[in-house]
Each structure stands twice: as structure tokens, then as C-alpha cells.
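Dear colleague,

Here is the structure I said I would pass on. My notes on it follow below.

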Amino acid sequence: MQKVKELMPEVPIEIYTGTPQQSLRLLYWWLELHETGDIKHVMFPDSQGLGDFINLFQSGSCKLAFGVGEEGKIKVAMWGQQGGPGIGFVSYWMSKSFRQHPYEGLAYTFRLYQLVFGLFDVIFGVTCQEGMQKVHEKMGYELVGEFPRIWSGERWWLWKLGRDDFCAMLIDLLGEVPK
């Protein structure tokens with residue numbers, strides 16, 4: 001347990017505010033999502049076109065936080081919208097190249113979730129990737145339901161995670177909730 005905590009580096013997170021540099025990062029991220037095929041797993045069909053994708057974040061209706069790699073591109077991101085008092089609908093993505101860096105990836109993931117739980121008591125997320133179910137369960141998520149053929153004709157799963165469940169998972173893994 002102590003070893004995991006020691007191996008996780010401190011990581012910087014940016015909040016999207018629409019600066020020219022961030023907007024360029026958004027464009028490169030959109031390109032990577034399309035090149036890897038990840039776009040169909042993390043964005044609803046009506047947000048997959050370039051204009052709709054950029055407007056999602058520039059309009060301010062959807063908040064975006066992300067970590068940037070050495071090359072200046074987004075390597076991990078979390079975005080979401082308020083769904084009611086204390087409730088958020090949240091999505092998460094990590095670049096395929098960054099998935100090979102488990103401790104740094106874990107550090108970014110925890111940091112992003114800490115930011116989200118500073119805003120919401122409960123978050124909901126969906127996935128159309130059956131292989132992600134075990135990951136959600138390990139993080140403390142509870143399966144709310146399965147829905148057939150809703151997202152691009154594929155079935156998807158709705159998951160719920162409360163702040164207390166997330167903190168309990170951190171304590172199990174790290175022995176404490178990091179500051």
C-alpha cells in the first residue's frame with residue numbers, strides 16, 4: 001500500500017477556460033480520439049463532429065479538466081455537466097499511449113476525481129465498453145442499469161459513484177485520502 005502511494009507523482013491538472021493554447025489542445029485531442037477510434041466510446045454521436053465537440057466545451061455547458069503530456073497534448077481528461085443539486089454526469093478518457101504508465105495514470109485519475117468530488121456528491125457515467133465493467137466496480141461504482149441499443153446502436157451501462165464510496169476505495173488502496 002505504501003509503495004503505491006510513493007510511486008504516484010504529483011500531477012498538474014488544467015481546467016479548460018478557452019485560451020488559444022487550450023483550444024489547440026482540444027483540436028489535437030479530437031484528432032486523436034478519431035484516429036484511435038476512442039471517439040465512439042467517449043462521446044455521444046451528436047458530439048463527435050469537430051464543431052459540436054469544440055462547442056461542447058467552449059459553450060461552458062460542459063466543464064473539462066485535463067492533464068497534458070510532454071508533447072503538449074491532452075493525455076487524460078474528465079468532463080461533465082451538473083444534473084441537479086450535488087449530481088454530476090461525468091466522462092473520463094486516457095490516451096492509449098498513456099495507459100502504459102500505471103502510476104502516473106493513477107495519479108492523474110485520482111486528481112481528476114478529487115476535483116469532480118469537490119463539485120458533486122454523486123456522479124453518474126455511462127460506458128458502451130463491456131470490458132470496462134470490472135474497472136468501474138474496482139473504483140467503487142455501482143451499476144444502475146443496462147440499456148440496449150441506445151448509444152450508436154450498442155448497449156451501454158449506467159454507473160453511479162458517490163464521494164464516500166470513492167474515498168473508501170482510496171483508503172483501501174492508499175491508506176488515506178490524499179490532500
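**Pockets and the strands around them**

The largest pocket in this predicted model has a volume of about 900 Å³. It is lined by 34 residues, and Y92, T109, M132, V135 and M139 are the closest to its centre. Two or more lining residues come from each of α3, β4, α5, β5, α6 (133-138) and α7 (163-174). Helix α5 gives the largest share, six residues. Sorted by class, this lining holds 21 nonpolar, nine polar and four charged residues.

The second largest pocket encloses about 320 Å³. Its lining has 17 residues, with F44, Q81, F89, V90 and S91 closest to the centre. Strands β3, β4 and β5 each give two or more residues to that lining. By class, eleven of the lining residues are nonpolar, five polar and one charged.

Now the strands themselves. β3 (residues 74-84) and β4 (residues 87-94) run antiparallel and are joined by eight bridges; W79 has S91 in β4 as its bridge partner. The two strands form a hairpin with two residues between them, and G86 in the turn has a positive phi of about 75 degrees. β4 also pairs with β5 (residues 122-127), in the parallel sense, over three bridges. There, G88 has I123 in β5 as its bridge partner. Together with helix α5 (residues 102-117), β4 and β5 make a right-handed β-α-β unit.

One last residue: K40 sits in helix α3 (residues 39-42). K40 counts as partly exposed because its relative accessible area is 43%, between the 20% and 50% cut-offs. Its C-alpha atom is 8.9 Å from that of C128, although the two are 88 residues apart along the chain.

Regards

Technical notes:
Residues numbered from 1 in each chain as written. Predicted model: local features only at pLDDT ≥ 70, side-chain atom pairs only at ≥ 80, totals over all residues. Heavy atoms only, no water. Pairing = 2+ DSSP bridges. Helix = DSSP H or I, 4+ residues; strand = E, 2+ residues; numbered from the N terminus. Right-handed = clockwise from strand over helix to strand, strands pointing away. Buried < 20%, exposed > 50% of the residue type's maximum accessible area, 1.4 Å probe, protein only. 1 Å grid on protein atoms, 1.4 Å probe; cavity = no way out; pocket = protein on both sides within 12 Å on 5 of 7 lines; lining within 4 Å. Points joined across faces, edges and corners; volume = space filled by probe spheres on them. Nonpolar A, V, L, I, M, F, W, Y, C, P; charged D, E, K, R; others polar.
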